[in-house]
Structure formats: C-alpha cells, structure tokens
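Let's take a friendly walk through this protein together, with the sequence and the model side by side.

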Amino acid sequence: MKPVLALVGRPNVGKSTLFNRLTKSRDAIVADFAGLTRDRHYGDGRLGSRHFIVVDTGGFEPDSTTGIVKEMARQTRQAVAEADVVIFVTDVRSGLSAQDADIARFLRQANKRVLLAVNKAEGMQESPLLAEFHELGLGEPHPVSAAHGQGIRSLLEAALEDLPEDEDADEDDADRPIRLAVAGRPNVGKSTLINTWLGEERLIAFDMPGTTRDAIRVPLERDGRRYELIDTAGLRRKGKVFEAIEKFSVVKTLQAIADASVVVLMVDATQGVSEQDAHIAGYVLESGRAVVIAINKWDAVDAYQRELLERSVEQRLAFLKFAPIVHISAIRRQGLGPLWKAIADAHASAHCKMPTPVLTRLLHEAVEHQAPKRAGSSRPKLRYAHQGGMNPPVIVVHGNSLEHVTEAYKRFLEARFRAHFKLVGTPLRIDMKHSTNPFTDKSA
Ligand SMILES: Nc1nc2c(ncn2[C@@H]2O[C@H](COP(=O)(O)OP(=O)(O)OP(=O)(O)O)[C@@H](O)[C@H]2O)c(=O)[nH]1
Ligand SMILES: [Mg+2]
C-alpha cells in the first residue's frame with residue numbers, strides 16, 4: 001500500500017503551500033481534462049521511485065469543542081489516525097506558540113511517527129531561531145521553505161525512511177489474480193455488492209495479513225478466474241467469513257485504487273453524480289487504472305430519473321468516457337453478470353499486447369484515411385508505432401514534426417487503435433516521439 005503522509009499544524013503556517021509543493025508534478029499530468037475536479041486535500045506525491053499519498057488538513061486546534069473548528073479538529077484526528085507519518089508544520093517567522101505546544105502534546109500521544117517541519121525558513125537553515133523548536137519534544141526540526149522548495153527532499157527522505165518500499169502493483173502478468181477495488185462515496189451500496197459477491201462466489205482459503213499496514217485482500221473465484229477484493233475500509237472478519245460494513249475513508253479508497261488492477265466506481269442512481277463521485281473518479285483517472293462504472297440502485301429509479309442520471313454521468317464523468325457503464329442492483333442481484341464481464345474485459349484491455357507491425361499498419365491506415373494537418377511549412381510525418389507500456393497501455397508514435405500533431409488528431413488515432421484492439425475500460429496514452437533529425441532516429 002502507498003504510504004500516507006498527513007500535514008498538520010495551526011492555521012497559516014504553510015500546510016497547503018507544502019501540500020501543493022509535494023503534489024504539484026502529479027497535478028500537472030491530469031490538469032487539462034474537462035470536467036475533472038481536483039480535491040485539494042488529497043494528492044499523490046513522489047520521491048524518486050517512491051509514491052505516497054499526501055493529506056492536507058485545516059488549521060488544527062486539538063481542544064476546540066464547538067462549530068467548524070471542532071469539525072476540522074475531528075477531520076485532522078482522522079487524518080492522523082490514517083497516516084503512516086505525520087508532518088507537523090510550524091512557522092519559524094512567527095515562532096513557537098502555545099498552540100504549537102498543544103498540537104505537539106496531541107501528536108506525542110497519537111503514537112505515530114512525527115516529523116517536525118519548520119516552514120518559511122528560506123535562507124535560515126543555520127538560524128538560531130530554529131533551536132527553540134526542539135522544545136516541542138518531537139526530535140530534530142527540519143527547516144523547509146514550502147514556497148521556495150528548500151529542504152523538501154531531505155524532509156521526504158526522513159519521512160519515508162523507515163517505511164517498507166511499496167511493492168510494484170503494476171505487474172504485467174495476466175495470470176495473477178485481478179485485484180479489484182470497489183470505490184464510491186458512503187451509502188452507494190459498496191458493502192451490499194461486496195457481501196453479495198462474498199456470498200455467491202467461491203471464496204478461496206487465505207491467511208490474514210500480518211500487520212495493520214497490509215491491505216486486507218479477499219481472494220475469490222468466478223468463472224475460473226481469480227480475483228482479490230481489496231478493502232476500502234469496511235471489510236471485517238465475521239467468524240470464518242468476511243462481511244463488509246459501510247464505512248468510508250478517502251485514504252483507504254485512494255490506497256485501494258492505487259493497489260487495484262481494476263476499479264469498480266460505484267454511483268448511486270437515486271442521487272446522481274455528486275461532487276464527491278467526481279473527486280473519486282478523478283483519482284481513478286490519475287491512477288491510470290482500468291475502470292468500470294457501476295450505476296447501482298437501478299431498480300429504484302424511474303425512466304425520467306434514469307435519463308437525468310445518464311446525462312449527469314456524461315457531463316460530470318466526461319473524462320472517464322473510456323469506462324464501460326453497467327447498470328446494477330446489488331440488493332436484487334441484477335446486472336452482476338454483465339459487471340463481471342466488464343471487469344474481465346477492462347483487465348484484458350489494460351494488459352493488451354499490441355505488436356509493432358500491427359500498430360504501424362494501423363498508423364499508416366489512419367494517415368491514409370486522414371492525414372494530420374500541415375503546420376506552416378511542415379506536415380507531421382508519422383512513421384511507425386510501438387507499445388511503450390501496459391496497464392495503462394501506451395502507444396509511442398515515431399516520426400518527424402510530431403510536435404505539430406493536434407490533440408484532435410491524437411484523439412482520432414486513439415479511436416482507431418481502440419476500435420482495432422477492442423479496448424474498453426482502460427485509458428490509452430499516445431506519446432509522440434519526435435525526432436528533428438531523421439538520421440538520429442536509428443537509436444529509437
Ligand atoms: N516566506 C514564506 N511564506 C510562506 C511559505 N509557505 C507558505 N507561506 C505563506 O504563508 C501563508 C499561509 O500559507 P498556507 O499554505 O495557506 O497555510 P496553511 O497552513 O495551509 O493555512 P490554513 O489552511 O489556513 O491553516 C501564505 O501567505 C503563504 O504564501 C514559505 O516557505 N516561506
Ligand atoms: Mg491550508
């Protein structure tokens with residue numbers, strides 16, 4: 001599972017600035033998808049090859065007992081409880097405060113790994129002002145500047161130091177069990193679906209994972225195919241069997257999405273696509289995972305509501321339009337066969353092998369059908385294509401003046417590749433490998 005870092009501190013110390021700094025590169029990748037709403041509290045970060053989840057929190061007052069401040073404190077406590085490491089952010093320019101001492105006291109009791117970041121320390125790495133932060137009793141202060149990007153790397157190195165390396169979830173072996181995550185906001189019916197599955201499909205004997213950091217995965221078999229159901233918060237052991245209860249955790253959802261090979265994104269037909277659904281969908285897109293949209297409670301809506309719902313899916317989940325949509329009723333056990341088929345198809349698509357000769361022929365046929373537009377004096381020349389990756393599949397196109405290939409033309413290519421390989425439920429990336437000098441192209 002991806003490790004989780006929670007940023008905690010009093011108001012205005014720079015938590016959100018640090019959050020943006022830690023998650024920025026990931027944001028840029030998916031910035032330009034229409035309809036994609038970003039959740040500013042959860043994000044993906046990366047240090048070298050290590051990926052992690054960052055949680056931003058509001059200004060924290062641990063002892064508050066009323067109103068919005070109390071609610072913020074509750075959310076911060078949950079973030080701390082779910083984190084592997086807490087980064088306690090303080091501000092060297094305003095110095096140590098009584099509030100910092102309160103938060104430190106809370107964190108010392110929380111039994112978590114805590115790192116003390118002293119922010120706004122640009123140009124102050126050697127400042128004597130840093131010394132007073134030792135008083136908090138949380139170890140060596142790490143001077144950082146979130147705004148200027150200083151001290152961030154060593155803070156992250158320290159934060160990730162003792163955590164186990166995340167195993168590579170991105171295995172290419174199609175024979176391994178399909179790891180399945182059912183994601184969706186509270187009360188969409190995730191646990192009803194999972195309990196139906198656990199009741200109907202063949203459960204395989206398994207051992208409980210050893211540590212709390214391990215994900216609970218329940219193996220099951222369907223039509224001779226092996227699956228592993230990844231917990232998103234609610235899986236509980238009940239005697240010899242498992243049952244799911246409705247419990248929601250963004251962190252667990254994000255970890256499960258990252259760990260899955262196929263995500264079932266559940267939407268409640270009686271509610272339409274909410275902001276929270278769109279957030280979760282955004283994470284699924286960002287993860288590059290194969291995805292099936294399951295619209296649940298289909299039995300409970302009339303023709304008019306169905307039409308409204310179709311439209312809200314089209315509009316709010318436009319960026320997931322590669323995902324098949326299956327209408328189900330988890331409680332009445334309707335639509336579950338088509339859902340299993342969509343899951344298997346999405347998994348097969350994500351692991352599709354696309355031979356270079358076929359890709360190159362498809363590319364040439366596409367160009368023959370419709371050539372890319374000329375830009376100034378040069379017309380992009382698309383020479384050949386090969387597969388650059390799997391899960392999600394990547395097609396790398398080689399040629400000249402490829403920087404002039406428009407987004408619309410890439411979509412045209414994508415549609416043709418998708419149609420040929422019958423790709424459903426997986427994103428497909430097309431990379432233009434442009435080489436200015438045809439004589440250097442040999443190395444490619
Ligand atoms: N000089 C300096 N200013 C910073 C730095 N990081 C953040 N700031 C400034 O500090 C102010 C607060 O930053 P935020 O990131 O919004 O702080 P926050 O902790 O998220 O605040 P709340 O969410 O309201 O608790 C802003 O004016 C930032 O520009 C830094 O490294 N150096
Ligand atoms: Mg903030």
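## Ser274 and its surroundings

Leaving aside residues up to four places away in sequence, Ser274 touches Arg185 and Arg316. This is a predicted model, so that is worth keeping in mind as you read on. Ser274 sits in the loop that runs between strand 13 (262-268) and helix 7.

Is Ser274 buried or exposed? Its relative accessibility is 18%, and because buried means under 20%, Ser274 counts as buried. You can also look across to Val313: this residue is 39 residues away from Ser274 along the chain, and the two C-alpha atoms are separated by 9.7 Å.

## The protein as a whole

Stepping back, the protein has 11 helices and 18 strands. Of its 444 residues, 51% are buried.

How do the contacts spread along the sequence? If you take contacts between residues at least 6 apart in sequence, 73% of them join residues at least 24 apart.

## Two nonpolar cores

The largest nonpolar core has 59 residues. Which of them touch the most other members? They are Val55, Phe88, Leu107, Leu265, Ile293, Leu317 and Leu320. Domain 1 (4-160) and domain 2 (179-350) both contribute residues to this core, so the core lies between them.

A second core, separate from that one, has 29 residues, among them Val262, Val264, Ala342 and Ala350. Back in the largest core, Leu107 is a nice residue to pick out. With residues up to four places away in sequence not counted, Leu107 touches Val80, Val86, Phe88 and Val114.

## Thr90 in strand 4

Thr90 belongs to strand 4, which covers residues 85-91. The relative accessible area of Thr90 is 0%, so this residue is buried.

What does Thr90 touch, not counting residues up to four places away in sequence? The list is Val13, Asp100, Leu116, Ala117, Val118, Asn119, Phe133 and Leu136.

## Ile328 in a loop

Ile328 is found in the loop between strand 15 (325-327) and helix 9 (336-350). At 1% relative accessibility, Ile328 counts as buried, because the cut-off for buried is under 20%.

The residues that Ile328 touches, again not counting those up to four places away in sequence, are Leu193, Met266, Ala294, Ile295, Asn296, Lys297, Trp298, Gln334, Gly335, Leu336 and Leu339. Another residue to find in the viewer is Ala269, which is 59 residues from Ile328 in sequence. From C-alpha to C-alpha, Ile328 and Ala269 are 9.4 Å apart in space.

## The second largest cavity

How many cavities of 30 Å³ or more does the structure hold? There are two. The second largest cavity contains about 60 Å³ of space, and its lining is made up of Lys2, Asp44, Leu254, Ile257, Ala258, Tyr283 and Ser287. Helix 6 (250-259) and helix 7 (275-287) are the elements that give two or more residues to this lining.

Which element gives the most to the lining of the second largest cavity? That is helix 6, with three residues. Sorted by class, the lining has four nonpolar residues, one polar residue and two charged residues.

Methods
Residues are numbered from 1 along each chain as its sequence is written. Chains are lettered from A and ligands numbered from 1 in the order in which they are written. This is a predicted model: local features need pLDDT of at least 70, side-chain atom pairs count only at pLDDT 80 or more; totals for chains, interfaces and linings use all residues. Side-chain values use heavy atoms; hydrogens and water are left out. On a 1 Å grid over the protein atoms alone, a cavity is a set of points where a 1.4 Å probe fits but cannot get out, and a pocket is an open set with protein on both sides within 12 Å along at least five of seven lines; lining residues have an atom within 4 Å of a point. Grid points are joined across faces, edges and corners, and a volume is the space filled by probe spheres set on the points. Helices (H or I, at least four residues) and strands (E, at least two) are DSSP runs, numbered from the N terminus. Ala, Val, Leu, Ile, Met, Phe, Trp, Tyr, Cys and Pro count as nonpolar, Asp, Glu, Lys and Arg as charged, and the others, Gly among them, as polar. A nonpolar core is a set of buried Ala, Val, Leu, Ile, Met, Phe, Trp, Tyr and Cys residues joined through side-chain atoms within 4.5 Å. Buried means under 20% relative accessible area, exposed over 50%, partly exposed in between (1.4 Å probe, protein chains only). Domain bounds come from an automatic or database domain assignment. Contact means heavy atoms within 4.5 Å.
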